[in-house]
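Q: Could you pick one residue, take a close look at it, and then show me what the rest of the chain looks like around that story? Please explain the terms as you go, since I am new to this.

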Amino acid sequence: MKKLLVLYPHPVDRDAFLSYYESRHLPKVHDLPGLLSASFSVAEDNSSPYFVYFEATFEDKQALTKAMISEAGGFLASDIANFSPKGAVTITSETRVVKHAVAGADG
């Protein structure tokens with residue numbers, strides 16, 4: 001599996017960032033072809049070098065590449081400047097699963 005990780009630095013206005021990100025930016029993620037899963041996390045304090053961590057998973061490199069060059073991928077890349085003036089760090093990686101969660105299983 002291939003993972004796209006996008007790291008956003010701390011903004012001046014956290015609420016404005018999240019408002020735009022959740023209402024205008026993230027809905028377009030659903031349009032990425034080949035997307036298997038997507039999630040994001042918000043840092044709880046300023047000790048982390050990044051404010052928001054976004055992860056998207058794709059079956060393979062071809063699927064990730066197709067998503068990145070798609071209309072939705074182009075929109076998402078160009079939209080970053082609208083809510084994150086400091087930009088973002090983008091990392092692609094090969095994912096190796098260590099453990100799968102089992103619904104209803106303990107520990």
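A: Let's begin with Ser70, which is buried because its relative accessible area is 16% (buried is under 20%, exposed over 50%, partly exposed in between, with a 1.4 Å probe and protein chains only). This is a predicted model, in which local features need pLDDT of at least 70 and side-chain atom pairs need 80 or more, while totals for chains, interfaces and linings use all residues. Residues are numbered from 1 along each chain as its sequence is written, and side-chain values use heavy atoms, leaving out hydrogens and water.

You will find Ser70 in the loop between α2 (61-69) and α3 (71-79); helices (H or I, at least four residues) and strands (E, at least two) are DSSP runs, numbered from the N terminus. Beyond its neighbours within four places in sequence, Ser70 is in contact with Leu32 and Pro33 (contact means heavy atoms within 4.5 Å).

Now step back to the whole chain. Three helices and four strands make it up, and from the N terminus on they follow the order β-α-β-β-α-α-β. Along the principal axes, the C-alpha atoms fill a box of roughly 40 × 35 × 20 Å. Ser70 has company in being buried, as 35% of the 107 residues count that way. Take the contacts between residues at least 6 apart in sequence: 73% of them join residues at least 24 apart.

Aromatic rings give a nice example of distant parts coming together. The structure holds ten aromatic pairs (ring centres of Phe, Tyr and Trp, the last by its six-membered ring, within 6.5 Å; planes under 30 degrees apart are stacked, over 60 edge-to-face, the rest tilted). In one of these, Tyr20 and Phe83 have ring centres 5.5 Å apart and planes at 25°, so the pair is stacked. Tyr20 belongs to helix α1 (residues 14-25) and Phe83 to the loop between α3 and β4 (89-94), so this pair ties together parts 63 residues apart in sequence. Tyr20 is buried, since its relative accessibility is 17%, and Phe83 is buried too, because its value is 7%.

Tyr50 and Tyr53 show another arrangement: their ring centres are 6.3 Å apart and their planes meet at 85°, so the pair is edge-to-face. Tyr50 is partly exposed because its relative accessible area is 23%, and Tyr53 is partly exposed at 26%. Tyr20 and Phe83 also belong to a wider group, as they form one aromatic cluster with Tyr8, Phe17, Tyr21, Phe40 and Phe51.

Finally, compare our opening residue with Thr90, which lies in strand β4. Is Thr90 buried or partly exposed? Thr90 is partly exposed, because its relative accessible area is 45%. Not counting residues up to four places away in sequence, Thr90 touches Leu4, Leu5 and Val6. Its C-alpha atom is separated by 9.9 Å from that of Ala77, 13 residues away along the chain. So you can set the two side by side: Ser70 counts as buried at 16%, while Thr90 is partly exposed at 45%.
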